[in-house]
Amino acid sequence: MHEVLTASGHEVSAIDSGERALTLARHERPDIVLLDIKMPGLDGFETARRLRDRSVEDHLAIVIVTGLSDSPSRLLGLSLADDVILKPFDGAELVRRVSNLLTLQDARRQLKADRAELVRQQVFKNEMAALIVHDLKNPMAVVLANLTYSIGELGEREQRVREALVDAQIAGSRLLRIVGNFLDLHRIETSSFKIFPESIDLHDWLASVRADH
């Protein structure tokens, strides 16, 4: 198997025991481990089990190679490994299976990298949205404060100006509520939202909606 895989361009390390395979896998982080069942010390099943426990985050492809053709042995091998190859093996089939597993490994790594990038982008988007919405509140508060002051200073003769300013004040208040809603949504998504229920007069609220329209 070493000769066949090396001839097909793969870098192969041949190890003669399960213990040494565990040590090598820890230090060199191979893409694929091909394990015979019958080995000195740890057999292939136990070696595969320990390798799998260590590679939860960075999935390691494991292939069981065995001359045991009985169903229980094959099922156990499939439960611990990504593939089972029966001896005597076919060289072309071995190369094809290893190539397929390497392709799958590359796809898994790319998927993991894409997922991490999506998470990073989502965190950045949430942070920027919270920052922008928060920065919108201050100028809106200044606009509303000046509108309130101007309305209070107008006399009776400036009724039309007063009505226009009141409309602007109402629209500004609505905009400020929308900004507040965005902040609340961000707090909900980051699990930092606190609910403070309060009673409202439904009649007055509906009257204000009617007046707006």
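Is Arg108 buried or partly exposed? Arg108 is partly exposed, with a relative accessible area of 31%; here buried means under 20% relative accessible area, exposed over 50%, and partly exposed in between (1.4 Å probe, protein chains only).

The structure is a predicted model, in which local features need pLDDT of at least 70 and side-chain atom pairs count only at pLDDT 80 or more, whereas totals for chains, interfaces and linings use all residues. Residues are numbered from 1 along each chain as its sequence is written, and side-chain values use heavy atoms, with hydrogens and water left out.

**Stop 1: the sheet**

Select residues 32–36, 61–66 and 83–86, which are strands E1, E2 and E3. Helices (H or I, at least four residues) and strands (E, at least two) are DSSP runs, numbered from the N terminus. The three strands form an open sheet in the order E1-E2-E3, with parallel pairing. E1 and E3 are the edge strands, each pairing on one side only. From one strand to the next, the twist averages 25°; axes are lines fitted to C-alpha atoms, for helices over the stretch in contact, and angles run from 0 to 180 degrees between N-to-C directions.

Two strands count as paired if DSSP finds at least two bridges between them. E1 is joined to E2 by five bridges, and E2 to E3 by four. Select Val63 to follow the pairing across the sheet: Val63 is the partner of Leu34, and its own partner in E3 is Asp83. Further along, Val65 has Ile85 as its bridge partner in E3.

Now display E2 by itself. Six of its six residues are buried, so this strand is largely enclosed by the rest of the structure. Ala61, Val63 and Val65 lie on one side and Ile62, Ile64 and Thr66 on the other, and both faces are covered.

**Stop 2: the nonpolar core**

In soluble globular proteins, nonpolar side chains tend to be buried together. Select Val33, Leu35, Ala48, Leu51, Leu60, Ile62 and Ile64, which touch the most other members of the 16-residue largest nonpolar core. Helix H2 (18–28), E1, helix H3 (44–54) and E2 each supply at least two residues of this core, and H3 gives the most, with three residues. A nonpolar core is a set of buried Ala, Val, Leu, Ile, Met, Phe, Trp, Tyr and Cys residues joined through side-chain atoms within 4.5 Å.

**Stop 3: salt bridges**

Side chains of opposite charge can pair when their charged atoms come close. A salt bridge is a side-chain nitrogen of Lys or Arg within 4 Å of a carboxyl oxygen of Asp or Glu, and by this rule the count comes to 11.

Return to Arg108 and add Asp82: the two form a salt bridge, with the closest N and O atoms 3.9 Å apart. Asp82 lies in the loop between helix H4 (71–80) and E3, and Arg108 in helix H5, so the pair ties together parts that are 26 residues apart in sequence. Asp82 is partly exposed, at 26% relative accessible area.

Within H5, select Arg97 and Glu93, whose side chains meet in a salt bridge (2.6 Å, N to O). They are four residues apart, about one turn of the helix. Arg97 is partly exposed at 24% relative accessibility, as is Glu93 at 35%. Asp31, Asp106 and Arg109 are joined into one network by salt bridges that share partners.

**Stop 4: a surface patch on view**

Select Phe124, Met128, Leu131, Ile132 and Leu136. These residues form a nonpolar patch on the surface, with about 450 Å² of accessible area together. Patches are made of residues with over 30% relative accessible area and no salt bridge, like charges being joined within 9 Å and nonpolar side chains (Val, Leu, Ile, Met, Phe, Trp, Tyr) within 5 Å. Accessible areas come from the Shrake-Rupley method with a 1.4 Å probe; for residues, only the protein chains shown count as cover. Leu131 is found in helix H5 (residues 91–153) and is partly exposed at 45% relative accessibility.

**Stop 5: backbone details in two loops**

Select Lys87 and Pro88: the peptide bond from Lys87 to Pro88 is cis, with omega near 0°. Pro88 is found in the loop between E3 and H5.

Finally, select Arg29, in the loop between H2 and E1. Arg29 has a positive phi of about 50° although it is not a glycine, and it counts as exposed at 56% relative accessibility.
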